[in-house]
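Here's a set of exercises to work through with the model open beside you. Try each one before you read its solution.

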Amino acid sequence: MRNAEVASVLNEYADLLELRGEDRYRIARYRDAATRIEHHPEPIEDLVRDGRVREIRGVGESIGAKVVEYIQTGKIQALEDLRKEVSPAAAMLMNIPGIGPRRAMLLTRELRIQTVADLERALESGEVARLPRLGERVAQRILEEVRRLRTRGRRMPLGLALPAAEEVARELRQCPAVLQITPAGSIRRMKETIGDIDLLVASERPAEVIEAFVTLPAVREVLAAGETKASILTHADLQIDLRVVAPESYGAALQYFTGSKAHNIRLREMAIEKGWKLNEYGVFEDDRRIAGRTEEEVYAILGLPWIPPELREDMGEVEAALRGELPALVALEDIKGDLHTHTRLSDGSSDIEEMARAAARRGYAYLAITDHSQALGVARGLTEEELRQEHARIRELQASFPETRLLCGVEVDIRVDSRLDCSDEFLASCDVVVASIHSAFQRSREEQTARLIAAIEHPYVDIVCHPTGRLIGKRAGYDIDLGAVLEAAARTGTAIEVNAQPDRLDLNDDAVRAAVQRGVMLAIDTDAHHHDQLDLMRYGVATARRGWAPPELVLNTRPLDDLLRWLRERRERALRGG
């Protein structure tokens, strides 16, 4: 599928329009189309071939023509023309979190910045801080982002890497010589970003596996191919590394290549203390292999229970395992429903019925429809009257979904002055209220923290969503006192979201663990804007697991009656002021 590729091109077009000062609604249409194309379940090239591009909501005549032109010719002439009109340096600077179009133009015009190195020197010298409407605080945040760029390298989001690894693994399983195959490395630990993709295979005929791997349809270039190892570059420009081991070493190899490095060092130290050697081929006493066929075998011989891959970061998991105190982590099968989703009435691309059918297919006990309130104009936010009409439609549809309770909700905007974007009367009528910040990201730490705490303390807010506002690799998120936010949530009983969108994963794993330590209730939600995005739940669950979250601290693991009781009792306590 070339959907992500086309989305990237449309986003670049929107960036250049923004640099040129074009109408913001036109820019928003291109960004909206890019998002819908990227997440569309069918390959965009198939839609172009069949003349169905405009079936995608938000893709009109002009955008559709550009998509067709790109698929058929490999370029968009209007984009080529725009690239000539707009400063390449300004376009490059826009990709740095914290620098929008106005700042990019200001930096190139006033300081003649042409490269990231130029920018870093200007930041360190104080030149950037002295520019109008910038200052020390903004300059320092941009400098932090520039420095992060150096270490970020070519890492890709988990939401891109994991499906690519799974697709190659599915194809490779067709090879009769493959006995077992598993994605390893940071993918298996479900880290939010991934370097190269690692696959591990158990086989007694490695040459056949290597040959099957390097001749897969996805292969654009073979980077290396040996007797037991190979590396390829896919047509999507992803590097995938394969290692083939004997079945009797598969467990040890899987443990070793899953990592992390720090976790592996701890295990090797434990083996050495017993007079053994631990490596990717097994656990050895002298030259005799005493464990290695399964991971469980490797951990057991060291006196440990099997440790879930998401915890293997040397962050106390070995000590907890030795004490018999590893947490029972939340799992995807624990999830009973989704409490943050959107429809085409705001900025989604599926209607209410499509979202409900998708939830029912997944066996969900409930689904909350939480379209945006009116303040978020770019997302076509709804007035209270429009939301009431939507809720009436949701209630009408309920009879068609007897096994899945449809909850009437709203994603209410937290305004700059900390007020909510809906009346208390309307919020009281909702089954579920989720609240989010979508504006004024550059406000001070104190202001942003106050906005979140005001929402947390509001009696009708059940969940605060994507609480740091980050977009992985694009935006660091606004500055907040996370500890104060979590303490407020613990005090009021308000839930905090783990947003499962792969470019958010917000709260991140460290913040989840801080929440768990305080007993804060979490809600793992997809923030789905298309019915197929309900499948993104696994990324939120993985992030919660990395944060040591147990199922009892995840709100949407509760059966429907327990959820409704929690919502009712939390509001009653809040209205009593207790």
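**Exercise 1. Overall shape.** With 578 residues, what radius of gyration would a compact globule have, and what does the protein have?

*Solution.* First, some ground rules: this is a predicted model, where local features need pLDDT of at least 70 and side-chain atom pairs count only at pLDDT 80 or more, while totals for chains, interfaces and linings use all residues. Residues are numbered from 1 along each chain as its sequence is written, and side-chain values use heavy atoms, with hydrogens and water left out.

Step 1: a compact globule of 578 residues would come out near 25 Å, and the protein has 25 Å, which agrees. The radius is taken over C-alpha atoms, and the globule rule is 2.2 Å times the number of residues to the power 0.38.

Step 2: the C-alpha trace spans about 75 × 60 × 55 Å along the principal axes.

Step 3: look inside. Buried residues (under 20% relative accessible area; exposed is over 50%, partly exposed in between, with a 1.4 Å probe and protein chains only) make up 53% of the 578. Of the contacts (heavy atoms within 4.5 Å) with a separation of 6 or more, 68% are between residues 24 or more positions apart.

Step 4: count the elements. The protein has 24 helices and 17 strands, taken as DSSP runs numbered from the N terminus (H or I and at least four residues for helices, E and at least two for strands).

**Exercise 2. The seven-stranded sheet.** Work out the strand order, and say which strands stand at the edges.

*Solution.* Step 1: the order is β11-β12-β13-β14-β15-β16-β17, in an open sheet with parallel pairing. Two strands pair if DSSP finds at least two bridges between them.

Step 2: β11 (337-338) and β17 (522-525) are the edge strands with a single partner each, so one side of each has no neighbour in the sheet.

Step 3: walk in from β11. Two bridges link β11 to β12, and G337 has Y366 in β12 as its bridge partner. Next, β12 and β13 share four bridges, with A368 partnered by L407 in β13. Then β13 pairs with β14 (residues 432-436) over five bridges, and V410 sits opposite V433 in β14.

Step 4: check how enclosed β13 is. Eight of its nine residues are buried, so β13 is largely enclosed by the rest of the structure.

**Exercise 3. A helix on the sheet.** Which residues of α18 are buried, and what do they pack against?

*Solution.* Step 1: get the geometry. Helix α18 (residues 384-397) has 14 residues and reaches 20 Å from first C-alpha to last, close to the 20 Å expected at 1.5 Å a residue; the expected span is 1.5 Å times one less than the number of residues.

Step 2: list the buried ones: L387, E390, H391, I394 and L397. Down the axis of α18 they fall within an arc of 120°, so they line one face of the helix. That arc is of the directions from the helix axis to the C-beta atoms. The spacing makes sense, because an α-helix has 3.6 residues a turn, so residues three or four places apart point the same way.

Step 3: find the partners. The buried residues of α18 pack against α17 (352-361), β12 (366-369), β13 (405-413) and α19 (424-429).

Step 4: place the helices. α18 lies across β12 and β13, at about 165° to β13, while α17 lies across β12 and β13 at about 155° to β12. Axes are lines fitted to C-alpha atoms, for helices over the stretch in contact, and angles run from 0 to 180 degrees between N-to-C directions.

**Exercise 4. Back-to-back hairpins.** How many residues join β5 to β6, and how many lie between β6 and β7?

*Solution.* Step 1: β5 (residues 219-225) pairs with β6 antiparallel over five bridges, A224 stands opposite S231, and three residues make the hairpin connection.

Step 2: β6 also runs antiparallel to β7 (residues 239-245), again with five bridges, and A230 partners L242. Four residues separate β6 from β7 in this hairpin, and D237 in the turn has a positive phi of about 65°.

Step 3: five of the six residues of β6 (residues 229-234) are buried, so β6 is largely enclosed by the rest of the structure.
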